[in-house]
Amino acid sequence: MIKLLSVAIVAALFLESHQQRPGPFVRPAAPVVKPGTPRPGPFVRPSAPAVKPEHPCDSLTHIECWTDWFDRDDPSGSGDWETYYNLYKENPGKICPKPHAIEAMTLSGLSVAAAGEVIFKNDAASGFVCRNVDQPKNKKCSDYRVRFSCHPPFCGGGVCWTNWFDRDNPSGTGDWEHLSDLRNENPGKICEYPLYIEVVTTDTMTPAVSTGENFHTFNPTQGFVCLRKDQKSGGCRDYKVRFGCPCKN
Ligand SMILES: [Ca+2]
Ligand SMILES: [Ca+2]
């Protein structure tokens, strides 16, 4: 009993002493933050992290990024079972406790939609499951790999940032910094699968999350869009964006 009690006290002290440390370790159950919601960033929680971040972006808990790809199963049995529970258990420290998105792709590079198979599960909590029994004409599932969207540091490898990009001004319908446009206009300058996006105002370098404006799009797979119609003030500030890419070895 005493032993149990002391374990509880140590656990409580540990939690207490780590409460000021930003990152998913201290708030594993942090709610999913949708674009458009003011999110906590380093400027509203200025306390220094207890552990020196491995990468400069590790303290930016508003940044979302993708883990490595995982492929734990193949469809030779009852199907392709890329379940979150098993992947989390089999890859300690590599996947966050509460990922807020999942992406699945066949090993040959097709999206789930393009593969056109009947999918049993495809959500961040369950993971991905394709069952052979669900497929028509005794066909088997393709072999899929999956990755999850987490906050740092649950993303693989080092991070290398692109240059800043500012392709639009907010004078029209808003400030459009879509990844697809930026990629077309800056060939070869942005990696295929950015892990992070960082957005700041062009004039004062204020992080987008600290401006109080609502954002239509704000993620590393689509880029950033601020629409004037979404703002109480009737206008967006001018933003610039950059992307965090896996470093090439
Ligand atoms: Ca697989
Ligand atoms: Ca802009």
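Me: Is E82 buried or exposed?
Reply: E82 counts as buried, because its relative accessibility is 0%. Keep in mind that this is a predicted model.

Me: Thanks! And which ion does E82 help to coordinate?
Reply: That would be the calcium ion (ligand 1), which E82 contacts through OE. The other donors are D71 (OD), D73 (O), D80 (OD), listed twice, D143 (OD) and Y144 (O), and the distances run from 2.2 to 2.7 Å.

Me: How are those donor residues spaced in sequence?
Reply: The pattern is D-x1-D-x6-D-x1-E-x60-D-Y. Take E82 and Y144: they link distant parts of the chain, 62 residues apart. E82 is in strand β2 (residues 79-83), while Y144 is in strand β6 (residues 144-150).

Me: What about Y144, buried or exposed?
Reply: Y144 is buried, with a relative accessible area of 0%.

Me: Let's turn to β6. Which strands are in the open sheet with it?
Reply: The sheet has 3 strands in the order β1-β6-β3, with antiparallel pairing. At the edges are β1 (65-66) and β3 (101-106), each pairing on one side only.

Me: How many bridges join β1 to β6?
Reply: There are 2 bridges between these antiparallel strands.

Me: Which residue stands opposite C65?
Reply: C150 in β6 stands opposite C65.

Me: New topic: where is N219?
Reply: N219 is in strand β10 (residues 217-219). With 14% relative accessibility, N219 counts as buried, because the cut-off for buried is under 20%.

Me: Which residue's side chain does N219 contact?
Reply: The side chain of N219 makes a polar contact of 2.9 Å with the side chain of T221.

Terms used. Residues numbered from 1 in each chain as written. Chains lettered and ligands numbered in written order. Predicted model: local features only at pLDDT ≥ 70, side-chain atom pairs only at ≥ 80, totals over all residues. Heavy atoms only, no water. Donors = N, O, S within 2.8 Å, 3.2 Å for Na, K, Ca; no water. Helix = DSSP H or I, 4+ residues; strand = E, 2+ residues; numbered from the N terminus. Buried < 20%, exposed > 50% of the residue type's maximum accessible area, 1.4 Å probe, protein only. Pairing = 2+ DSSP bridges. Polar contact = N/O pair within 3.5 Å; in protein donor to acceptor, adjacent residues only side chain to side chain.
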